[in-house]
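Work through the exercises below with the coordinates open. Each task is followed by a solution in steps.

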Amino acid sequence: MAFYMIGERINGMFKDIGEAVAKFDPKPIQDWAVKQTQAGAAYIDLNVGPTAADRLKSMEWMAKIISEVTDVPIALDSTNYDAIEAGLVAIGKPGALINSCPNERAKIERVFPMAAKYGAGIVALTMDKSGIPLNADARVAHAMELVAAADEFGVPTDSLFIDPLILPCNVAQPHAPEVLEALRQIKTLCDPAPHTTLGLSNVSQGTPDRSLVNRTYVVMAICAGLDSAIIDVGDDTMVEAIATADMLLNHAIYCDSYVKVYRQG
Amino acid sequence: MPVEIYKDKFTGKGQEVILGATKEQGGTRAYTVKLGGSSTLPFLFYEGEIPNRPVIAMEVWDIKPDWSPCFDQYYGDVWNDPAAWAKKAEGYGADVIYLRLKGADPELENSKTPEECAKVVKAVLAATGAPLMVEGPGQPDKDNDVLQAVADAAAGENIALGTAEKDNYRGIAAAAMMGKHCIIGRSPVDINILKQLNIMITEMGVPLDKVINDPLTGGLGYGIEYSYSTMERARWGALIGDKMMTPPVVCLAGPEAWRAKEPNAANEDAGPGWGDQPDRGIMWEAMTAVALLQAGGDLVLMRHPEAVKLVKKHIDTLMVSNKY
């Protein structure tokens, strides 16, 4: 099974997107949707960012204008679940991704039935109110509860994208190997196994050569069981490393243009 | 507690390819055949859909072939008349006619010209109602000229043109594209090259629903297990979502089986326990075809009418759903 790249670029934290959201200017958003589609994104993340005056309205509008220019499903990225629901309604078809839900009962009860209703997947975080655990076992315990919740609310386990949460290596270095171990174990929790995902760029926050750290860690994580990540799909060397790791794990049949084929999905 | 039997679930499926065109579709064929389209491994009806029955194509040459004399009783009077030969093959149960333009081989004296090949194709189309596949002589330059003429002569008939290989696919792909025909891509039992070839053919603009693959199979006793592994892996690739591995697969069962010594040897030259010719040859071909169907062949090219009968009967039993 191929590795899913979730394109991170449509996020109000980026200046061009933030301005576009504030002015309801579709062009920069649609341009990035097309660009990320061509680069091989399997999902396009949509985060309205902090500048949006009305998150619900912005989410709805952005989901709509992105759907106009690409068939790639959208990952609706928000902590405001009403805004996510508005996005799901605007998309109007199954296959979207809800990004994200932690292992907290009240949030699970809001998000999981919504995912079942709209046929959406869920990025489920291995954390609760007490924060992100350090060791792999505690991450896996959260994952198990999230898998049980999926079963409880009628969400197929392979619609679940469990994110064991990576932290910047320069401030929280012990997390990196723990996340790898958590990935290995999450893949054995149930059958079909849940998907796994990471907000990959987080690992390299504050390091001088972010691309190097990102692509090294993504290959290590793919080897441990990572099958999707929110990444910069415009980082060619990283996408090439992902395509190669995917091929070397025998997830795709080798051919001379395997990198190109990977990008074409 | 009820026992739940494990079933594989696949995300991809084989590409369906239609061969031939009826009058309504702009051709003159009596019917069309659909190849491929399965969403499971061969004949495992309980894990997916198998929408199309495997198809039998029969071999017709444009010159007299050097086949075992045991074929004379079936085709002896038509060796030099491909149209009449094709009509006979249709009578023997061919779903598809597979015309091999061996006579255009530039090494031959009186090698047929592209125009002569086009005439043969027209005559075969006029004599039969079955969809047609046409293979050039296998020499790159001549293949390009011959298949271009054939593509024009068969305009609207949605025939299959073969065979495109890694170093010789552009001309054939162009002819297929212009004439809206199908193309047969072949690789020498090499799945990586096969995938690359499909990429190159589709990049030229041939849609994937016009591509048929020939993974170049071995005959029984001569590397068929290697073909089996290659084909199984190709199907598996298609089922897990590798689009470039989805084209339906054609297997040259007849030609490969009859290339071996065993089916051809006269009784006095046969080894102990080999049995009598021609039954031995018929069984050799039928077993080759059946093994290749089990490996995932969507179309088997066959030669002996009795072997065709046996394999058709066997396909009937294989196509009874074993769903539970």
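## Exercise 1: a helix pair in chain B

In this predicted model, the axes of helix H2 (residues 82-91) of chain B and helix H3 (residues 114-127) of chain B approach to within 8 Å, crossing at roughly 35 degrees. Determine the handedness of the crossing of H2(B) and H3(B), then list and classify the residues of the contact.

Solution.
- Step 1. The crossing of H2(B) and H3(B) is right-handed.
- Step 2. H2(B) contributes Pro82(B), Ala83(B), Ala84(B), Ala86(B) and Lys87(B) to the contact, and H3(B) contributes Val120(B), Ala123(B), Val124(B), Ala126(B) and Ala127(B).
- Step 3. By class, the residues of this contact are 9 nonpolar, no polar and 1 charged.

## Exercise 2: the length and buried residues of H6(A)

Compare the span of helix H6 (residues 136-152) of chain A with the value expected at 1.5 Å a residue, and find what its buried residues pack against.

Solution.
- Step 1. H6(A) has 17 residues, so the expected span is 24 Å. The C-alpha atoms at its ends are 24 Å apart, in agreement with that value.
- Step 2. A residue counts as buried when 20 or more other C-beta atoms lie within 10 Å of its own. In H6(A) the buried residues are Ala136(A), Arg139(A), Val140(A), His142(A), Ala143(A), Leu146(A), Val147(A), Ala149(A) and Ala150(A).
- Step 3. For the spacing in such a list, recall that an α-helix has 3.6 residues a turn, so residues three or four places apart point the same way.
- Step 4. The packing partners of the buried residues, within chain A, are helix H5 (105-118), strand S5 (121-125), strand S6 (160-163) and helix H7 (175-186).
- Step 5. After H6(A) comes Gly154(A), with a positive phi near 75 degrees.

## Exercise 3: Pro174(A)

Is Pro174(A) buried or exposed?

Solution.
- Step 1. Pro174(A) sits in the loop between S6 and H7 of chain A.
- Step 2. Within 10 Å there are 10 other C-beta atoms, so Pro174(A) is exposed; the limit for exposed is 12 or fewer.
- Step 3. Its C-alpha atom is 8.6 Å from that of Asn135(A), 39 residues away along the chain.

## Exercise 4: chain A as a whole

Test chain A against the radius of gyration of a compact globule, and describe its side of the contact with chain B.

Solution.
- Step 1. For 265 residues the globule value is near 18 Å; chain A has 17 Å, which agrees.
- Step 2. Of these 265 residues, 49% count as buried.
- Step 3. Chain A has 9 residues in contact with 11 residues of chain B. The chain A side comprises 7 nonpolar, 1 polar and 1 charged residues.

How values were computed:
Residues are numbered from 1 along each chain as its sequence is written. Chains are lettered from A and ligands numbered from 1 in the order in which they are written. This is a predicted model: local features need pLDDT of at least 70, side-chain atom pairs count only at pLDDT 80 or more; totals for chains, interfaces and linings use all residues. Helices (H or I, at least four residues) and strands (E, at least two) are DSSP runs, numbered from the N terminus. The expected span of a helix is 1.5 Å times one less than its number of residues. Two residues are in contact if their C-beta atoms, placed from the backbone, lie within 7 Å. The radius of gyration is taken over C-alpha atoms; the globule rule is 2.2 Å times the number of residues to the power 0.38. Ala, Val, Leu, Ile, Met, Phe, Trp, Tyr, Cys and Pro count as nonpolar, Asp, Glu, Lys and Arg as charged, and the others, Gly among them, as polar. Axes are lines fitted to C-alpha atoms, for helices over the stretch in contact, and angles run from 0 to 180 degrees between N-to-C directions. A crossing is left-handed if the near helix is turned anticlockwise from the far one by less than a right angle, and right-handed if clockwise.
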